[in-house]
Amino acid sequence: VTWLTVAAVAALCYALRAAVPLLLAGRELPEPVVRRLGDAVPPLLAALAAIQLSGRNGLLAVDARLAGVAAGVSLFAWRRSLLLALVTAGAVTAAIRAF
Amino acid sequence: MTVVTKDSAPQVEASYVDGIRLVLPFAAADALDGLAFGAIAAGLGLGVVAPIVLSATAFSGSAQFAALTVISNHGSLLAVLVAAAALNARYLAFGASLAPALSRRRLRRALEVQFVTDMSWALAHRGGRISRHVLVGAGATSLAAWTTGTALGVLLGGAVGGYRAVGLDAALPAFFLCLAVERVRERGGAARAAGGGVAALCLAPFLPVGLPLLVVLAGALAWRRS
């Protein structure tokens, strides 16, 4: 299953990169299509985070990890360093678990 | 901003080396992101080779992290692909803007597109004229950094052992939320983003993993700008 997933994701990423330059030969995508696809990204990212934060039963897990994520994302909103945000999220989570 | 090959000759076309030089400050970040990806993937039991191969071929942080999310929740392959396609649909737009500047030779063109990233695309546009040399130089450097980082992450992650102990399981949701924050800051749509998150939270208890993502994607595409 792992290797099938690897191959499929790799093929898909290449296809998206190559589609327009190779197949459309430089013709542009319609502006509304480009804009809608762009607009769909933030909701999708938020949904991915939400699914990550749900526990086995599908309910939002209020735990050390949620606190860590909140700390990391808050810091990111302030400082805009992705690495700093991820390290903070991990560190806060680990610290709360340790106590 | 002009891309300059030799300091005195701005009209000379930018070279691969210019791309490498321009992207170097960001390549360090790519390597560290790759490190995080490798460590998390290893922690989820994907083995040593698969995460490295994925980084070398798919070469897309958002798609690869999305794949981990679905895999770790035992979601379907279809859900992985839907999430990856939606997150990377921007490549279609990148391709449209780059197409006129790529090589005329088909095989070369097919190779050049593999080096499209957010960063290499943006750098290639500096200086008014799009440079495929900058695109390839920058993209190849990022690819090397990202893949090397992943390899180190897989090895270190395996050495650290339980990834919960160092809070690595918090990095994934934090990563997605940070990207969402960044996009919203640049292009607005806070309400849409919040709506997507809340909808997924509400649907998650009732639907298998991939479906909330599909519902959110469909809803977002149907959403009309006021």
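The following dialogue goes through features of a predicted two-chain model.

Student: On what basis should the residue names and values be read?

Tutor: This is a predicted model, in which local features need pLDDT of at least 70 and side-chain atom pairs count only at pLDDT 80 or more, while totals for chains, interfaces and linings use all residues. Residues are numbered from 1 along each chain as its sequence is written, chains are lettered from A and ligands numbered from 1 in the order in which they are written, and side-chain values use heavy atoms, with hydrogens and water left out.

Student: How many helices and strands does chain B have, and how are they defined?

Tutor: Helices (H or I, at least four residues) and strands (E, at least two) are DSSP runs, numbered from the N terminus. Chain B comes to 11 helices and 0 strands, so that its elements run α-α-α-α-α-α-α-α-α-α-α from the N terminus on.

Student: How is burial read, and what percentage of chain B counts as buried?

Tutor: Buried means under 20% relative accessible area, exposed means over 50%, and partly exposed lies in between (1.4 Å probe, protein chains only). Of the 226 residues of chain B, 49% count as buried. Accessible areas come from the Shrake-Rupley method with a 1.4 Å probe, and for residues only the protein chains shown count as cover. Chain B exposes about 10000 Å², of which carbon and sulfur atoms supply 68%.

Student: Which residues have the most contacts inside the largest nonpolar core?

Tutor: A nonpolar core is a set of buried Ala, Val, Leu, Ile, Met, Phe, Trp, Tyr and Cys residues joined through side-chain atoms within 4.5 Å. The largest one has 62 residues, and Phe65(B), Leu68(B), Phe176(B) and Leu213(B) have the most contacts inside it. Helix 3 (residues 41-53) of chain A gives the most to this core, with 9 residues. A second, separate core of 14 residues includes Tyr91(B), Leu92(B), Leu102(B) and Ala124(B).

Student: Which residues surround Phe65(B) and Ser62(B)?

Tutor: Contact means heavy atoms within 4.5 Å. Beyond its neighbours within four places in sequence, Phe65(B) is in contact with Asp33(B), Ala36(B), Phe37(B), Ile40(B), Trp146(B), Leu172(B), Phe175(B) and Phe176(B). Ser62(B) is found in helix 3 (residues 61-72) of chain B and is buried, with a relative accessible area of 8%. Not counting residues up to four places away in sequence, Ser62(B) touches Leu87(B), Asn88(B), Arg90(B), Phe175(B), Phe176(B) and Leu179(B). For chain B as a whole, among contacts between residues at least 6 apart in sequence, 71% join residues at least 24 apart.

Student: How many residues does each chain bring to the interface, and what area is buried there?

Tutor: Buried area is the accessible area (1.4 Å probe) that two parts lose on being put together, summed over both. Here 85 residues of chain B are in contact with 61 residues of chain A. The area buried between the chains is about 6600 Å², and carbon and sulfur atoms give 74% of it.

Student: How many salt bridges are there, and where do they lie?

Tutor: A salt bridge is a side-chain nitrogen of Lys or Arg within 4 Å of a carboxyl oxygen of Asp or Glu. The structure holds 3 over all chains, and the count between chain B and chain A is 1. That pair joins Arg192(B) in helix 10 (residues 190-203) of chain B to Asp39(A) in helix 2 (residues 31-39) of chain A, at 3.6 Å, N to O. Arg192(B) is buried at 10% relative accessibility, and Asp39(A) is buried at 8%.

Within chain B, Arg21(B) forms a salt bridge with Asp18(B), the closest N and O atoms being 3.7 Å apart. Both lie in helix 1 (residues 16-43), 3 residues apart, about one turn of the helix. Glu112(B) and Arg132(B) also meet in a salt bridge (2.8 Å, N to O). Because Glu112(B) lies in helix 6 (residues 106-112) and Arg132(B) in helix 8 (residues 132-160) of chain B, this pair ties together parts that are 20 residues apart in sequence.

Student: Which residues form the nonpolar patch on the surface?

Tutor: Patches are made of residues with over 30% relative accessible area and no salt bridge; like charges are joined within 9 Å, and nonpolar side chains (Val, Leu, Ile, Met, Phe, Trp, Tyr) within 5 Å. Phe206(B), Leu207(B), Leu211(B), Leu214(B) and Val215(B) form such a nonpolar patch, with about 440 Å² of accessible area together. Val215(B) lies in helix 11 (residues 210-222) of chain B and counts as partly exposed at 43% relative accessibility.
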